[in-house]
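Me: Could you walk me through this two-part model at the bench biochemist's level? I'd like to go question by question.

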Amino acid sequence: MTLDRRQVLAVTLLPLAAAPRAQATPESLQAAITAYAGGAEIRDGRVAIEIAELVENGNAVPLAVQVAGVAAGQLRRVAVFTSHNPQPEVAVFHFSPRFAGRARVDTRIRLATSQRVLALATLADGSVWRAQADVLVTLAACVEG
Amino acid sequence: MATRALVHLPAVLRRGEAFEVRATLQHPMETGYRRDSDGRMLPRDIVRRFEARLGTELVFAADCFPAIAANPYLAFWLRLDEGGTLELRWTGDRGFQHVETVAIALA
């Protein structure tokens, strides 16, 4: 029996097609954001995301979130979300009203593919502020196998 | 192998002046979305919570998800009027726990 090129391709590519990648959906992202913000109105501004626009390796992408123009003790929480990782949540950071030195946090995150990173900051007055950044990933993280 | 952590603070800490605490923990942060070479799902094994306390006061905390990179790195800022013992605690899946303490003396 001989196999032509088309049959070989069909057989070898089938497992890939049959196993969809786990990925957050717009609905699960929205649900995660709503779970974080509660009923608070989410406004754009005040928060800044520092992340490279183009990263070669999604396994450990430096990320900083900073809130400008507020005293350090005014920042209560920062949450980070991604649009196309398997799970939308990345982290939630909690700040101390008494001991915080600056309204800023740094970490390193995984990006499974090119996608949008969102940061939400909750201030002492209950207001919630949002920033977004689109990141191109040339080599994705092994979030999945 | 014992878990290792690196905690970095500025050499001189001054009363009432903000300084950065940088902490790195040796940990795979296995996401729970990957498979091994035989196609079996690798169970999730992540650090879920990080807490920094000065004495009994919580001064910073983080809830972590699988999208935090392996060997999790966290850096945050403190401003203190009194020194004390800074305790950094990581807890996670499979009963994981690691504690580092740093004595803080203010100039």
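Reply: Happy to! A definition comes before the sheet: two strands pair if DSSP finds at least two bridges between them, and strands (E, at least two residues) are DSSP runs numbered from the N terminus. This is a predicted model, where local features need pLDDT of at least 70, side-chain atom pairs count only at pLDDT 80 or more, and totals for chains, interfaces and linings use all residues. Residues are numbered from 1 along each chain as written, chains are lettered from A and ligands numbered from 1 in written order, and side-chain values use heavy atoms, without hydrogens and water.

Me: In what order do the six strands of the open sheet run?
Reply: The strands come from both chains, and their pairing is antiparallel. Strand E2 (47-50) of chain A and strand E1 (5-8) of chain B are the edges, each pairing on one side only. The order is E2(A)-E4(A)-E7(A)-E5(B)-E2(B)-E1(B).

Me: Which residue in E5(B) does B:Val21 stand opposite?
Reply: Six bridges join strand E2 (residues 19-25) of chain B to strand E5 (residues 73-78) of chain B, and the two run antiparallel. Opposite B:Val21 stands B:Phe76.

Me: Is B:Glu51 buried or exposed?
Reply: B:Glu51 is found in strand E3 (residues 47-54) of chain B. Its side chain makes polar contacts (N or O atoms within 3.5 Å, one able to donate a hydrogen and the other to accept it; residues adjacent in sequence count only if both atoms are side-chain atoms), one being with the side chain of B:Arg49 at 2.9 Å and another with that of B:Arg53 at 3.0 Å. Buried means under 20% relative accessible area, exposed over 50%, and partly exposed in between (1.4 Å probe, protein chains only). With a relative accessible area of 17%, B:Glu51 is therefore buried.

Me: Which strand gives the most to the largest nonpolar core?
Reply: Such a core is a set of buried Ala, Val, Leu, Ile, Met, Phe, Trp, Tyr and Cys residues joined through side-chain atoms within 4.5 Å. This one has 59 residues, and A:Phe93 and B:Leu78 are among those touching the most other members. The top contributor, with five residues, is strand E9 (residues 128-139) of chain A.

Me: How much area do chain A and chain B bury between them?
Reply: The contact (heavy atoms within 4.5 Å) takes 31 residues from chain A and 34 residues from chain B. Buried area is the accessible area (1.4 Å probe) that two parts lose on being put together, summed over both. With 55% of it on carbon and sulfur atoms, the total is about 2700 Å².

Note on methods. Helix = DSSP H or I, 4+ residues; strand = E, 2+ residues; numbered from the N terminus.
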